[in-house]
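Please look over the sequence and the model shown below, and then read on for a short account of some of its helices and of one ligand site.

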Amino acid sequence: MKWAQAAAFLLVALLGAAEARTEKACDTGWECSGSRFCCNGTITDYFKAHHFEEFFPRRNDSIAHAAGFWTYQAFIAAAAQFEPRGFGTTGGKETGIKEVAAFIGHVGARTSCGKFYPNPLAWGLCYNREMSPDQSYYCDDSNELYRCVEGVRYYGRGAIPVYWNYNYVIIGKGINQDLLSHPELLEQNATIAFEAAIWRWMTPVKRRQPSAHDVFVGNWKPTKRDTVSKRYPGFGATMNIMYGDGYHICGRGFTDEMNVIISHYICYLDLMGVNHESGHSLDCADQAVFNPSTKSSGS
Ligand SMILES: *[C@@H]1O[C@H](CO)[C@@H](O)[C@H](O)[C@H]1NC(C)=O
Ligand SMILES: *[C@@H]1O[C@H](CO)[C@@H](O)[C@H](O)[C@H]1NC(C)=O
Ligand SMILES: *[C@@H]1O[C@H](CO)[C@@H](O)[C@H](O)[C@H]1NC(C)=O
């Protein structure tokens with residue numbers, strides 16, 4: 001018995017060693033040394049503090065609701081948790097730049113207050129929480145795993161706003177924070193707010209569905225059914241995943257709601273000096289949503 005265990009242990013050790021040999025570990029980049037993704041460089045190699053300032057020049061404006069909250073350092077600290085899993089480090093430098101611009105495109109569009117101002121694309125990161133929410137809303141007490149905490153409210157907060165008690169639970173598990181008891185962390189700590197948003201980007205929203213990261217960097221290969229539903233790898237599919245069937249962004253033609261998200265992405269790419277993809281993959285105007293639920297989740 002002992003010998004069998006020892007032999008099994010040896011075999012596992014040998015397999016481990018073989019795997020370690022084929023996977024080249026890297027020691028470049030303080031964020032994620034040891035990860036094969038970092039062989040291609042890290043986010044701080046190409047996305048600098050001045051880029052963040054150029055993306056969000058009005059975020060400290062006197063009329064910005066979260067003035068002084070969002071920082072480059074918070075984004076980089078949060079991104080560092082996900083770079084070893086391929087965020088901003090999959091493919092070459094250009095894919096990395098595009099992924100960061102795409103992710104931040106969603107963030108900018110969702111936190112902007114620039115709709116009625118000149119240069120509306122300059123107003124990303126204006127908010128870190130929903131203004132004047134209905135205080136009794138966003139609590140679904142039907143599942144005891146997600147039971148709302150007395151006196152705690154689950155209105156929209158963060159870089160890609162999180163709504164509803166159950167979404168706070170799911171995302172909190174993903175980033176090791178008790179967001180059911182402390183949803184306010186997403187409006188009090190910018191690093192945690194960015195972590196929550198990047199976790200959402202890196203993680204499938206539903207079962208049997210790719211993540212936004214996967215559809216964007218090309219890890220996902222569309223099936224015949226996807227192609228028939230006009231779902232192609234690219235930025236359009238990331239909107240399909242991030243907004244699902246609750247937001248009515250995709251499959252409705254070229255609406256203002258969809259166009260404004262694409263405009264933020266393209267604006268950030270321009271600031272980084274990279275061209276956007278063209279054709280069907282950029283938008284989701286004709287895309288059917290990934291496995292729609294019958295009842296809209298409203299999240
Ligand atoms: C905005 O405020 C943050 C936090 O106080 C600061 O780090 C940053 O330099 C400011 N940026 C601008 C453009 O005012
Ligand atoms: C690194 O970049 C190269 C060239 O773009 C690519 O072929 C390779 O798959 C990338 N490695 C990882 C781990 O993403
Ligand atoms: C914000 O959260 C990060 C990550 O959990 C933590 O390291 C940092 O100390 C927090 N900052 C503040 C001001 O609490």
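Two residues are said to be in contact if their C-beta atoms, placed from the backbone, lie within 7 Å. The model discussed here is a predicted one.

**Two crossing helices**

With that meaning of contact in mind, Ile97, Lys98, Ala101, Ala102, Ile104, Gly105, His106, Gly108 and Ala109 in α5 meet a set of residues in α12, namely Val260, Ile261, His264, Tyr265, Tyr268, Leu269 and Met272. The residues of this contact between α5 and α12 divide into eleven nonpolar, four polar and one charged. The axes of helix α5, residues 93-110, and helix α12, residues 256-272, come within 8 Å and cross at roughly 135°, which means that α5 is oblique to α12. The crossing in which α5 passes α12 is right-handed.

**Helix α6**

Which residues of helix α6 are buried? In this helix, which covers residues 165-175, the buried residues are Asn165, Tyr166, Asn167, Tyr168, Ile171 and Gly172, and the buried residues of α6 pack against α8, residues 190-202. After α6 comes asparagine 176, whose phi is positive, near 60°.

**Around ligand 2**

The residues around ligand 2 are Arg36, Phe37, Asn40, Thr90, Gly91 and Gly92, and the table sets out by class how the shell around ligand 2 is made up.

| Class in the shell around ligand 2 | Residues |
|---|---|
| nonpolar | one residue |
| polar | four residues |
| charged | one residue |

Terms used:
Residues are numbered from 1 along each chain as its sequence is written. Chains are lettered from A and ligands numbered from 1 in the order in which they are written. This is a predicted model: local features need pLDDT of at least 70, side-chain atom pairs count only at pLDDT 80 or more; totals for chains, interfaces and linings use all residues. A residue is near a molecule or strand if its C-beta atom, placed from the backbone, lies within 6 Å of it. Ala, Val, Leu, Ile, Met, Phe, Trp, Tyr, Cys and Pro count as nonpolar, Asp, Glu, Lys and Arg as charged, and the others, Gly among them, as polar. A residue is buried if 20 or more other C-beta atoms lie within 10 Å of its own, exposed if 12 or fewer, and partly exposed in between; C-beta atoms are placed from the backbone. Helices (H or I, at least four residues) and strands (E, at least two) are DSSP runs, numbered from the N terminus. Axes are lines fitted to C-alpha atoms, for helices over the stretch in contact, and angles run from 0 to 180 degrees between N-to-C directions. Angles under 35 degrees count as roughly parallel, over 145 as roughly antiparallel, 65 to 115 as roughly perpendicular and the rest as oblique. A crossing is left-handed if the near helix is turned anticlockwise from the far one by less than a right angle, and right-handed if clockwise.
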